[in-house]
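The following questions and answers introduce a protein to a reader who has not met it before. Please look over the sequence and the structure before reading on.

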Amino acid sequence: MTTARDFINGIWTEAGDDGIEMFDPATGEMIGTAPRSGKAEIDAAVAAAKAAFPAWSETPAPKRGELLFRAAQIMERRKEELGRLVTREMGKVKDEALGDVQEAIDMAYYIAGEGRRLYGHTTPSELPNKICMTLREPIGVCGLITPWNFPVAIPSWKSLPALICGNTVVIKPSEETGGCAAAYVECLEAAGLPKGVVNIVNGTGEEAGDALVKHPDVHVISMTGSNETGRLVSKNCAEALKHLHVELGGKNGIIVLDDADLDFAVQAILWSAYGTSGQRCTAGSRIIVQAGVYDELVEKLAAGAKAQKIGHGWEDGVNVGPVVRPSAIEKIERYIKIGVEEDGARLVAGGKRPEMTGELAGGWYFEPTVFADVTPNMRIAQEEIFGPVTAVIKVQDLDEAIQVHNGTPYGLSGAIITKDLAASMKAMRALKTGIVYLHNGTIGAEVHLPFGGIKATGNGHREAGIAGIDFYSELKTVYIDYSGGLQRAQIDT
Ligand code: NAD
């Protein structure tokens, strides 16, 4: 099975004796090490990416697209193997692990097609005998810093749009999931990408990540992770005025109105709250319920949470796998205590580690948890827990629901479940999030649409879709004046 390795200028390097230990969250067993690389490896990778840039950026975009199309085909052939690796390194369940890989496949096919578009605009001029248009140009070396929760998808969502635009990249994967990043890049290598175009440098955020962010030859940084890291990376990019995209935490709300089909609502909530064991930036961690159905929904949701099958992610029928590391369990437990003791909320399901047996006894599991009678300003309703914990809040009407929904610092994904079209439409406009789901939960993204959040979740850019291409290209505005004379914009009419 692929292990975490650096990939610099076409050469793979394994971890040395000081490698970063990697674990299988399902069993707690050590599964390997990732290179503890730092400034020297970042310097080498950036130099390789810089040297590869002129030829790659001059390769016609449709030809770049053909290579990425081939990478999609290779990933399709290796889908199950990559999925297993996802489960092994970060624990998510089989369907979701395969879905993680499928996101990369989808992105590769989608972005390969964009190689034949990469549209600019043509537009009339205010003057006669003049044409105006925009062209897209690559920017240079992009530094891509990724988290562990979508260990194949996120590296692909960042690197593929960057590559189709003609940039070269250095990926700094999460310390937990370097094997997934390596397997993904093996597919790009096998597709025939020239050496130096894609590089991977493992290592800690403080060393390898920081060196990448601060490298003077890296013009673009795209980072997904926690708000704390996002703020630091933003500060470090500001001095050099780098192009920067950060995608950060969420505290996503699902509104359920009195007229909702509750059985469906519970299904959607369970999927949103406990998919990836609640470790999705779009996880449904607040359920905002109208008073008329509140008691019934709490009861059904608690029953649903208790019925979730916890276990090894690759075992059929399991819907909740482990969380990523022991410190995640400790953080969840801190919030359970805060919810009960400080906030005074009512624990109606979960709240503790389950009893696991056999080899799973060493794994990092937590029961799907529901807090009821949560009020909007409680810490469990405001802060990202990043585990299988959701908080149910009672409201009287749609206006209050929207107000509660919008009352956190975050703004990634929001949802409403109701049969009332007008209420849905009102929520669609009023929810202060980058993504809105009508009649479903908060999770699930498609590659050809922009993905990202507002407020404390992001900094105004988007991943995926044309928005991703916008981020990884510079627009050059071109005026062609064929009048043969001097025409002055705004002056000559
Ligand atoms: P994290 O912030 O700990 O790490 C993310 C990446 O940043 C890792 O590769 C890490 O090594 C690197 N890093 C850490 N310190 C750095 C520094 N000083 N300079 C440069 N790089 C540094 O986050 P995580 O625990 O891996 O991921 C979980 C978080 O990610 C959650 O908050 C979740 O909401 C967020 N997330 C957001 C999205 C989104 O699209 N909005 C998607 C997935 C995850």
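**Cavities, cores, cysteines and domains**

Q: How do the residues of the lining of the largest cavity divide into nonpolar, polar and charged?
A: The model is predicted, and its largest cavity holds about 100 Å³ of space. Of the 15 residues lining this cavity, Gly278, Ala283, Ser285, Glu384 and Phe386 are the closest to its centre. By class, the lining divides into six nonpolar, six polar and three charged residues.

Q: Which residues lie nearest the centre of the second largest cavity?
A: The structure holds two cavities of 30 Å³ or more, and the second largest has about 50 Å³ of space. Its lining comprises two nonpolar, eight polar and four charged residues. Of the 14 residues that line this second largest cavity, those nearest its centre are Lys251, His405, Tyr410, Gly411 and Thr433.

Q: What are the bounds of domain 1 and domain 2 in the domain assignment, and how many Å separate their centres?
A: The domain assignment gives domain 1 as 2-248 + 458-478 and domain 2 as 252-438. The contact between them takes 26 residues from domain 1 and 28 residues from domain 2. Taken over C-alpha atoms, the centres of the two domains are separated by 31 Å.

Q: Why does the largest nonpolar core lie between domain 1 and domain 2?
A: The largest nonpolar core has 96 residues, and Leu68, Leu163, Leu188, Leu193, Val198 and Val374 touch the most other members. Both domains give residues to this core, so it lies between domain 1 and domain 2.

Q: Which residues is Leu68 in contact with, leaving aside its neighbours within four places in sequence?
A: Leu68 is one of the residues that touch the most other members of the largest nonpolar core. With neighbours within four places in sequence left aside, its contacts are Ala108, Ile111, Ala112, Leu160, Leu163, Ile164, Leu188 and Leu193.

Q: How many residues are in the other core, which lies apart from the largest nonpolar core?
A: Among the members of this other core are Ala260, Ala265, Val289 and Leu297. The core that they belong to lies apart from the largest one and has 28 residues.

Q: Why is there no bond between the sulfur of Cys165 and the closest cysteine sulfur?
A: A search of the whole structure finds zero disulfides. Cys165 is buried, with a relative accessible area of 4%. The closest cysteine sulfur, in Cys142, is too far for a bond, because its distance from the sulfur of Cys165 is 8.5 Å.

Q: How far away is the cysteine sulfur nearest to Cys237?
A: Cys237 counts as buried, at 2% relative accessibility. Cys237 is in no disulfide, and the nearest cysteine sulfur, that of Cys142, lies at a distance of 12 Å.

How values were computed:
Residues are numbered from 1 along each chain as its sequence is written. This is a predicted model: local features need pLDDT of at least 70, side-chain atom pairs count only at pLDDT 80 or more; totals for chains, interfaces and linings use all residues. Side-chain values use heavy atoms; hydrogens and water are left out. On a 1 Å grid over the protein atoms alone, a cavity is a set of points where a 1.4 Å probe fits but cannot get out, and a pocket is an open set with protein on both sides within 12 Å along at least five of seven lines; lining residues have an atom within 4 Å of a point. Grid points are joined across faces, edges and corners, and a volume is the space filled by probe spheres set on the points. Ala, Val, Leu, Ile, Met, Phe, Trp, Tyr, Cys and Pro count as nonpolar, Asp, Glu, Lys and Arg as charged, and the others, Gly among them, as polar. A nonpolar core is a set of buried Ala, Val, Leu, Ile, Met, Phe, Trp, Tyr and Cys residues joined through side-chain atoms within 4.5 Å. Buried means under 20% relative accessible area, exposed over 50%, partly exposed in between (1.4 Å probe, protein chains only). Domain bounds come from an automatic or database domain assignment. Contact means heavy atoms within 4.5 Å. A disulfide is a pair of cysteine sulfur atoms within 2.5 Å.
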